[in-house]
Structure formats: structure tokens, C-alpha cells
Amino acid sequence: MLYQYNKHLVSTAQELRKNMTKEEKHLWYDFLNKLPVNVNRQKIIGNYIVDFFIAKKRLVIEIDGIQHDFNDNHQKDLKRDEYLSKLGIKVLRYTNIDINKRFYSVCKDILKYLDIKEE
């Protein structure tokens, strides 16, 4: 399924792909890019750029840094999650701490949601 996207965000998404956070790189290079499904990085959906998107499963994976706890960022996240939910997309959120301290558990959780058996 194709989703509408804001063409003005293309250069931002490309820049984010080139400059992933340490935690995004860890999840991408050590897990997501090895999955037997297509995973997009920094995918534009509507007016939002999501960290990782698995279209086949209608799944977004977000890695939240400390900035998500400040100002109105949490409210913005809720608004974005609501928008994605209306499109039939599930959002899985993990923190940088989850990636750094509980990486295996994060991977297991994603595999469980994708209904992929561990090897």
C-alpha cells in the first residue's frame, strides 16, 4: 500500500538516513536489515518521518531519545501515533536505553510482533 507523503520532507529524510543516531544504527545494522521483510529507514508517511517502517506488516518502529520527554514532544508523538493508527499502522516505541541495555529483548519483541520465529 502506498501512503501519501509530504514531498518537502524528502531532503530531511535523506539527511536523517545519513546521520542515524547510535541507537538507530545499532538496531538497523545488527538486526533490522537482516530480517526477511523489507524495512525502510526514515520513511515519510503523511507529514511525518518515522524511524523504521515495515510496509508488509504495517509497522513503524520508533527509537525515542531523551528529547521525547521534554516540552510538548510527548504530545506530538501521541498525535503522530494517532494519525498512523488511523492509517492502520501499529507503532512500536523503544527508548535509547532499551536499545543500549535491553537490545535482545527489543529484538524479541519485534520478532514476536512480526510473527517471525527466532533462529
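Is D98 buried or exposed? D98 is buried, with a relative accessible area of 15%, because anything under 20% goes into that class. Keep in mind that we're looking at a predicted model here.

**The overall layout**

Let's step back to the whole chain before returning to the charged residues. The protein has five helices and four strands, and reading from the N terminus they come in the order α-α-β-β-β-α-β-α-α. Out of 119 residues, 39% count as buried. The accessible surface adds up to about 7,800 Å², and carbon and sulfur atoms own 50% of that. If you take the contacts with a separation of 6 or more, 62% of them involve residues 24 or more positions apart.

**The sheet**

The four strands make an open sheet, ordered β1-β2-β3-β4, with mixed pairing. Residues 40-45 (β1) and 90-95 (β4) sit at the edges with a single partner strand each, so one side of each has no neighbour in the sheet. From one strand to the next, the twist averages 45°. In general, strands like these pair through backbone hydrogen bonds, in parallel or antiparallel fashion.

Now for a closer look at β2 and β3. Strand β2 covers residues 48-54 and runs antiparallel to β3, with three bridges joining the two. If you want a spot to click on, F53 has V60 in β3 as its bridge partner. Helix α1, residues 10-18, packs on the sheet and touches β1 and β2; its direction makes about 160° with that of β1.

**Salt bridges**

The structure holds seven salt bridges. Here are three of them, with the closest N to O distance for each.

| Pair | Closest N and O atoms |
|---|---|
| E23 and K22 | 3.7 Å |
| E62 and R80 | 2.7 Å |
| R102 and D98 | 2.8 Å |

How do the partners sit relative to the surface? In the E62 and R80 pair, E62 counts as buried at 2% relative accessibility, and R80 is buried as well, at 9%. This salt bridge between E62 and R80 links distant parts of the chain: E62 belongs to strand β3 (residues 59-64) and R80 to helix α3 (residues 73-86), 18 residues apart.

The E23 and K22 pair is a mixed case. E23 is buried, at 8% relative accessibility, while K22 is exposed, with a relative accessible area of 58%. As for the partner of D98, R102 comes out as partly exposed at 40%, while D98 itself is buried. Elsewhere, D64, D77, D81 and R93 are joined into one network by salt bridges that share partners.

**A buried acid without a partner**

What is the nearest side chain of opposite charge to E24, and how far away is it? It is R41, 8.0 Å away, and E24 is buried yet has no salt bridge. That distance is too long because a salt bridge needs the nitrogen and the carboxyl oxygen within 4 Å. E24 is found in helix α2, which spans residues 22-30. Apart from neighbours within four places in sequence, E24 is in contact with Q42, D51, F52 and I63. So if you're browsing the model, E24 is worth putting on screen beside E62: E24 is buried with no salt bridge, whereas E62 has one with R80.

Terms used: Residues numbered from 1 in each chain as written. Predicted model: local features only at pLDDT ≥ 70, side-chain atom pairs only at ≥ 80, totals over all residues. Heavy atoms only, no water. Buried < 20%, exposed > 50% of the residue type's maximum accessible area, 1.4 Å probe, protein only. Lys, Arg positive; Asp, Glu negative; His and termini not counted. Contact = heavy atoms within 4.5 Å. Areas by Shrake-Rupley, 256 points an atom, 1.4 Å probe, with all protein chains shown as cover. Pairing = 2+ DSSP bridges. Axes fitted to C-alpha atoms, helices over the stretch in contact; angles between N-to-C directions.
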